[in-house]
Amino acid sequence: TTDLIFASKEHFKIPVSSEMAHEKAQSHTSTIPNSEVPSYDDGSTSFSAADAPQIVRNKVPMRRKLLAPNPDSEEPFDAKEAQVLPQIFISNKTYTYDERVALFCDHIIGQCSAEDADEAISFYIIEKLASKRTWTAVWKTSPEVLLVNCDIGDLPFVGVLVDVNCTPCEGKSLPLRVSISVAEPYSSNIANLPRELVEDVLREHDYSVPILDVYPIQGMGADVDNIAEYLEHARFFYDFLWRDWDDEEECDEYAGLIEKRIQLYYDIQDGTIPGPISERYRKTLEEYRSKRLDLTKFQTKIRGEALPGEAVECWKKYYEMSMLCGLLKFWEDLRLRSHGPFYPRIYKRRKGQRTSGRIVTHIVAQIMTTDMIKNFSADTLIQQHDSLSAALDSCFSGDTVVVFPGEYHAVALASLTDDITIKGEGERKEVLFYSDPSHDNFVASKASKVMLMNLTLVQHGTCDGIVVVESGQLTLDNCVLKCQGTGVCVLTGASLVMKNCEISGAKGAGVELYPGSIAELHRNEIHHCSNQLAKDSKGSQGGINLKVLPQPQLKLTDNHIHDNHGYGVTILVPDNLYKASEDLEQTASGDKNETDYLSKALQKLSLEITTNKLESNTKGDIGLLRKMWVNS
């Protein structure tokens, strides 16, 4: 903001008197209303609330460019030259993922819906504005507010030094607005910008602008510096976390969705998501915003009922925008950082422990009798529920759910976020949980520690694994898993402990370990898996499937792995991991190379395989499956 540039005289809008401005505001509905004056850092115009979607916000980072010298050598208006703008306050503090999650998800958004996000951000800012009502800032606005016949690409914004009064503007709707006036000395990033023109435009807007369009300058004191940081947090929200379609769709756990986007932001920043993929995502997001802005501009030009040609063009632009929106939604399901068909889906946020610190035992049964609780201690807090879903919805971290014999359908099993124990009472074959075919997941967990004990899980219709461990640790103890889709999937960084369980019927592997995951399997039976997933035997994943970049950790003890289509344990490696031989042929030499590959793979893996019984698997006990992996 320290560079001065000169604009040609024809670039300036003709100033009008205050009476003319008042008359114009009364007679033209297209004039930017006081209720909302959105402006865009990319230099795009502002629109009326009636024409433009109110969800469009500042999102494109600014890039300074200078206007070319006046080719006609015309003299600027006879006006006092503006001084150089002072430096705005820029915080040097960096924020970690956990800090941003705590700020946005816990403090700002909380239980708010997407429709209430604007109000939550405004309330967050208002809290800090109480500490300092007046200060000096740079007002940044779209060039089209003050200039005409000026290429948007020539100038990212027009900046003017202003005094800010944070007294709430009564009757003003969101976004939050503040009163401003031109500060002394008169300063701008355009040296010959007439002050009269600035005053006239501010008068049109009742000297009221969106608070996110003002940037406090340095040296105003700690209170103003804190206000500047709060405003930067709000801009970060609209730049990186908010999406134009958020309040057009229902989302029960909006804070959970924001948490996923924060993770996405940091994964892009630290390179977890490969550069080419993140760059493609960024360009697609920019193209979507450009298409949306283009559609809004086109709509504002239509006066009265649209002509047939205008209607066709409008639908064309809407279709182009919608296609990009659909692609972005697909990527923002976090598929862009997946290692296979599965990716994190849970948006529900963790409740944590009760504020009282008490632990509750939830009993799931139609009728509760004294015999059901005779083994509980006298100080146990008990809550009875008719359904499993009701019990899970009432759980906090540390609780236990005791399920008595019966058949249960539980949608809530697809989003386990708190550390709880779910255990069946009686024989495991008598406590049956059935999946909901309308949901992708059956059981999915991202809590630090979840335990499922003495249960039978019956999968019907769900397309993802019968159990998906997104993060944290899940323990399966004495459970039967009857699969129709794929089996147990442990995603990157997650951990599985499975003991005394039986898995059968999976179309893919019975247990699938993604890169960097951890699993301990003790005294389990895994059989008749990977029978229908692949059309040929080469792609069969067998009983246990491991993807090895980075290496998962697997400990196997006293397991019985039998009658699976493929190997008992399959190690999946990229085709180019080892370079000893480019092509393996079905010869004696080829068999030796394959054995060498397997030996090297086993050496690199953290495998502990002792006293297991592997038999009757169609391709053998342990084998290597080489496959070309693609990053996009």
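Here is a short tour of this predicted model, stop by stop.

Before you click: residues are numbered from 1 along each chain as its sequence is written, and side-chain values use heavy atoms, with hydrogens and water left out. Local features need pLDDT of at least 70 and side-chain atom pairs count only at pLDDT 80 or more, while totals for chains, interfaces and linings use all residues.

Start by colouring the chain by pLDDT (the predictor's confidence in each residue, from 0 to 100). The protein chain averages 76, and 72% of the residues score at least 70. Now pick residues 169-173, where pLDDT is below 50 and the stretch has 8 contacts (heavy atoms within 4.5 Å) beyond near neighbours in sequence. Residues 337-343 also stay under 50, with 22 contacts beyond four places in sequence.

Next, select Ile125, Trp135, Val214 and Phe237. In the largest nonpolar core (buried Ala, Val, Leu, Ile, Met, Phe, Trp, Tyr and Cys joined through side-chain atoms within 4.5 Å), these four touch the most other members of the 58. Helix H6, residues 222-241, supplies the largest share, 8 residues. Zoom in on Trp135: its contacts outside four places in sequence include Leu129, Val162, Cys166, Val214 and Leu231. Then jump to Val401, Ile422, Leu476 and Ile503, part of a second, separate core of 52 residues.

Last stop: helix H5, residues 195-204 (helices are DSSP runs of H or I, at least four residues, numbered from the N terminus). Here 7 of 10 residues are buried, meaning under 20% relative accessible area with a 1.4 Å probe, protein chains only. Among them are Glu199, Asp200 and Glu204. Just after H5, click Asp206, which takes a positive phi of about 60°.

How values were computed. Buried < 20%, exposed > 50% of the residue type's maximum accessible area, 1.4 Å probe, protein only. Helix = DSSP H or I, 4+ residues; strand = E, 2+ residues; numbered from the N terminus.
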